[in-house]
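Let's take a walk through this structure together, stopping at a handful of places worth a closer look. Have your viewer ready.

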Amino acid sequence: MSTRLTEMPAWTALTSHYRMMKDTLLADLFAGDDRRGERLNAEGAGLYLDYSKNRVTDETLKLLLALAHETGVEVKRDAMFAGQRINVTENRAVLHTALRQPRGATVMVDGQNVVPDVHEVLDRMAKFADALRAGQWAGFTGKPIKNIVNIGIGGSDLGPVMAYEALKHYAQRDLTVRFVSNVDGTDLVEKTRDLDPAETLFIVSSKTFTTQETMANASSARAWLLAALNDEAAVARHFVAVSTNADAVQKFGIDTANMFGFWDWVGGRYSMDSAIGLSLMLAIGPDGFTELLAGFHEMDEHFRTAPLEKNLPVLMGMLGVWYNNFFDAQSHAVLPYDQYLQFFPAYLQQLDMESNGKHITLDGQAVDYQTGQVIWGQPGTNGQHAFYQLIHQGTKLIPCDFIGFCQTLNPLPTPDGPPHHDLLMANVFAQTEALAFGKSLDAVLAEGVDPALAPHRVFDGNRPTNTLLADRLTPRTLGALIALYEHKVFVQGAVWNINSFDQWGVELGKVLAGKIVPELKAGAEPQLAHDSSTNTLIRRYRDRR
Ligand code: F6P
């Protein structure tokens, strides 16, 4: 991008437009257009987005889409889909979209079509999954595998654990599936304490196969297994690997015949639909996994082809830019009204914050505008009884995404009232209505509230929300939903002119931790010239451990 973002025509137009819009009330926008809710929505890949409860007019939308265009969102999108090396700091293509291309499609990387390779791995995963699910992949003692423990962290954990929880309804329930990520030994100990090693399979998932946490957990898991089975040969029946690093997998002692690969053009946080999803495939079966990929692909196609004004990731991305860069909103809440999506906000934290938590542009300059927001959330209705107070009546502007489903997977009537699902969904509609329109002082006083107490009961409203509705939580819907957020993150990174696909920011801490580990041994003195705070903390820990 040669012109600085803040000097672009659409940006400067938005800056003046913001001055007109900053005090505009959603209530007035709705009063001025009784079809607003019917107009300001878009649909794609089975997802319906109502964005009418945002502080935007048609002019705002026109300017935001002009900004998307001026910053080259479409050109950058096409470059990504075409396999160009848009991850410039690592000189890599960014092709998670190739992972969900149907058999027979063509995506070229360095002169080679990668789609057949993708399907070769998927086929091997499916064969393995079918055997294991049928009880035909026996452990070392001949007992069938009943427990699966995925060991991985970051993108090698958050996607699989989120999707496993999200799709539990479709899972083979006689398999126990667990996820160990934290280097804190408690994680491994608690997740294995009631498992029979003879019936347990570990999937060591690590793109690099060098990540400290995963390697430590994998070694300890092997020791746990060998303590019970007493034979190195058992490892081959109880460990498989998912990685791009065959040498390291072999060194660890896992037969590369039991390794499922992927490629450097798949970023960690974009990898849950690669072999990193093996634990999920074992749980929901190859057909369910194929459906998930179909949902991803449907959203990819929507993102690639829908006009900007009907394009869900573009609309959500640009609305986020509007609040982040013009209203100075610091955070964005994602509030799924479905218990199965309990880990979706945590998954999005890595997807969004590791991607767009950057302050250097693609041209190597420091930005003079805000980039990635703090992403947070929790399933409704639980969040309502925890932090919604601040969203409704606090001093911060927190745009929110509400996510709901028209049909529940667990229809549960209440003995003497409406079904659970109606109660749940009534809260979605009520919350977005309350956030948008609030409650005036007059309305409070009309209820006969003591005037001295009335201000406490006033809701200013004007809090913006998106509502995403889908018919039902299925593997396909989940795929579309994840791809929607992947591409939303892409759109914002494109506008901010940053590289959404590297993560140098996690390196420094990793390197320093590696150097400090030997200093924690008894008798050792801190080797490095740490600051006096770090040295004192290390000594105190060593003295009292
Ligand atoms: O958090 C940094 C990171 O590199 C993530 O991007 C990645 O998902 C995670 O570590 C795990 O890496 P690996 O799959 O190589 O173990």
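In which helix is Arg36 found? Arg36 sits in helix H3, which covers residues 36-39. Keep in mind as you look that this is a predicted model. Is Arg36 buried or exposed? Its relative accessibility is 3%, and because buried means under 20%, Arg36 counts as buried. Leaving aside residues up to four places away in sequence, Arg36 touches Leu26, Leu29 and Phe30, and also Ser52, Asn54 and Val56. For a sense of scale, try a distance from Arg36 to Leu229: the two are 193 residues apart in sequence, and their C-alpha atoms are 66 Å apart in space.

Next, turn to a pair of helices. Two packed helices are described by the angle between their axes and the distance between the axes. Helix H1 (residues 9-21) packs with helix H4 (residues 58-70) at an angle of about 155 degrees, and their axes are 9 Å apart. Angles over 145 degrees count as roughly antiparallel, so H1 is roughly antiparallel to H4. The crossing of H1 past H4 is left-handed. On the H1 side, the contact is made by Pro9, Ala10, Trp11, Ala13, Leu14, His17 and Met21. H4 contributes Glu59, Thr60, Leu63, Leu64, Ala66, Leu67 and Glu70. Sorted by class, this contact has 10 nonpolar residues, two polar and two charged.

Trp11 of that contact leads on to the aromatic residues, since Trp11 also belongs to an aromatic cluster. Its other members are Tyr18, Trp322, Tyr323, Phe326, Phe327 and Tyr369. How many aromatic pairs does the structure hold? There are 26. A pair of aromatic rings is described by the distance of the centres and the angle of the planes. For Trp322 and Phe327 the ring centres are 5.2 Å apart and the planes stand at 80 degrees, so this pair is edge-to-face. Both Trp322 and Phe327 are buried.

Another edge-to-face pair is formed by Phe344 and Tyr485, with 5.5 Å from centre to centre and 80 degrees between the planes. Phe344 lies in helix H14 (residues 344-356) and Tyr485 in helix H18 (residues 475-496), so the pair ties together parts that are 141 residues apart in sequence. Phe344 is buried, at a relative accessible area of 0%, and Tyr485 is buried too, at 3%.

Last, let's look at the backbone. Most residues other than glycine have a negative phi, and most peptide bonds are trans. Where does this model hold a cis peptide bond? Look from Gly380 to Thr381, where omega is near 10 degrees. Thr381 is placed in the loop between strand S11 (374-376) and helix H15 (388-393).

Asn462 has a phi near 65 degrees, a positive value in a residue other than glycine. You will find Asn462 in the loop between helix H17 (441-446) and strand S13 (465-470), and at 9% relative accessibility Asn462 counts as buried. Asn497 is not a glycine either, yet has a positive phi of about 60 degrees. Asn497 has its place in the loop between H18 and helix H19 (507-516). With a relative accessibility of 4%, Asn497 counts as buried.

Conventions
Residues numbered from 1 in each chain as written. Predicted model: local features only at pLDDT ≥ 70, side-chain atom pairs only at ≥ 80, totals over all residues. Heavy atoms only, no water. Axes fitted to C-alpha atoms, helices over the stretch in contact; angles between N-to-C directions. Helix = DSSP H or I, 4+ residues; strand = E, 2+ residues; numbered from the N terminus. Parallel < 35°, antiparallel > 145°, perpendicular 65-115°, else oblique. Left-handed = near helix turned anticlockwise from the far one by under 90°. Contact = heavy atoms within 4.5 Å. Nonpolar A, V, L, I, M, F, W, Y, C, P; charged D, E, K, R; others polar. Phe/Tyr/Trp six-rings, centres within 6.5 Å; stacked < 30°, edge-to-face > 60°. Buried < 20%, exposed > 50% of the residue type's maximum accessible area, 1.4 Å probe, protein only.
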